[in-house]
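Got your viewer open? Let's take a short walk through this model, one selection after another.

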Amino acid sequence: MRPITLKRIFFITITLSCLFVATLSWADVEAPVGLVVIDPGHGGIDKGAIGPRGIKEKDLTLKVAKALAVVLREKLGLTVILTREDDTFIPLGERTEVANSRGANLFISIHVNAAKSSRASGIETFFLSYDATDEEAVRLAAVENGFDAAHTGIEYAFNDDLKTTLLDLVETAAHHDSSTLAEAIHTSIIRSTGRGDRGVRQAPFAVLEGAVMPAVLVELGFISNSSDERWLLSKAGRKELAHSIALGVADFQGRRGRGVEKVGYRK
Ligand SMILES: [Zn+2]
């Protein structure tokens with residue numbers, strides 16, 4: 001065994017110091033998620049999708065968002081802001097601005113899907129991407145972006161400028177975390193509710209563009225499907241959804257290195 005020289009002691013000290021510093025900064029990165037902005041899709045003159053019995057997407061999204069806010073506050077001790085508390089029209093660009101200006105840690109946009117076929121059913125969770133998963137995801141993003149573009153005059157054209165912005169975004173930690181958050185929330189919803197699984201997907205949703213924190217959009221079933229609609233209209237269904245999304249948020253924190261138990265999900 002070689003004798004411990006002064007030089008070796010120096011290197012060991014430097015290495016240990018680096019490890020200690022790295023641990024400290026890692027702990028800083030893993031600061032608890034404190035503020036969540038929930039975005040109930042549509043509102044006011046923008047009714048969103050309308051079901052066969054006249055149920056409006058904007059009303060369902062607000063009900064689910066309010067139920068989720070209660071669970072996130074009571075079970076996880078998080079601060080929650082809704083982009084709208086009532087039936088108000090808020091342009092898409094202002095929704096992420098609420099989250100950015102308040103320094104929110106997470107942004108969750110709540111929507112309900114619709115299809116021509118009454119058989120289409122199930123839940124899908126999206127994060128922002130220029131390269132949509134498939135044509136169906138492109139169509140859905142166009143529908144969700146559509147009213148706002150027509151009303152505000154802001155075109156959500158996916159041109160070269162936006163493509164460059166989004167390609168830059170893909171490199172950011174927030175974007176990487178968006179896919180992790182989408183996966184965590186989606187898996188939790190499907191496991192807890194047993195509803196149809198349409199997967200975690202990517203699409204160019206205007207409401208997610210510009211968010212500087214992990215941001216996802218959840219389509220909580222089809223308003224055009226009587227089973228989905230009935231479930232979303234029921235208090236029990238919304239409670240199930242709120243709890244499963246909140247557990248997904250807790251799981252997201254766990255995946256980033258914080259144990260779920262540390263987050264303090266209180267039963
Ligand atoms: Zn929608």
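What covers the buried residues of H7? Keep that in mind while you get your bearings. You're looking at a predicted model, with a chain of 267 residues, of which 43% count as buried. The chain has nine helices and six strands. Contacts reach across the sequence too: take those with a separation of 6 or more, and 82% of them come from residues 24 or more positions apart.

**Stop 1: helix H7**

Select residues 226-233, which make up helix H7. Color Asp228, Glu229 and Leu232, since these are buried. Now look down the axis of H7: the buried residues fall within an arc of 100°, so they line one face of the helix. To see what lies over them, add H2, strand S3 (106-113), strand S6 (215-222) and helix H8 (235-255); the cover includes these four elements. That's the opening question settled.

**Stop 2: helix H3**

Next, pick residues 92-101 for helix H3. Which residues are buried here? Highlight Leu92, Arg95, Thr96 and Ala99. They cover an arc of only 85° around the axis, which puts them on the same side of H3. Before you leave, step just past the helix to Gly103, which follows H3 and has a positive phi, near 70°.

**Stop 3: His42**

Now for another positive phi. Click on His42, where phi is near 65°, and note that this residue is not a glycine. Where is His42 placed? Show strand S1 (35-40) and helix H2 (57-76), and you'll find His42 in the loop between them. Is His42 buried or exposed? Buried: 28 other C-beta atoms lie within 10 Å, and 20 or more is enough to count.

**Stop 4: Ser188**

Last stop: select residues 173-193, which form helix H6, and zoom in on Ser188. Why does Ser188 count as buried? Because Ser188 has 21 C-beta neighbours inside 10 Å, and the cut-off is 20 or more.

Which residues is Ser188 in contact with, once you leave aside neighbours within four places in sequence? Select Ser244, Ile245, Leu247, Gly248 and Asp251, and you have them. For one more look, draw a distance between the C-alpha atoms of Ser188 and Ala250: they are separated by 9.9 Å, although the two residues sit 62 residues apart along the chain.

Note on methods. Residues are numbered from 1 along each chain as its sequence is written. This is a predicted model: local features need pLDDT of at least 70, side-chain atom pairs count only at pLDDT 80 or more; totals for chains, interfaces and linings use all residues. A residue is buried if 20 or more other C-beta atoms lie within 10 Å of its own, exposed if 12 or fewer, and partly exposed in between; C-beta atoms are placed from the backbone. Helices (H or I, at least four residues) and strands (E, at least two) are DSSP runs, numbered from the N terminus. The arc is that of the directions from the helix axis to the C-beta atoms. Two residues are in contact if their C-beta atoms, placed from the backbone, lie within 7 Å.
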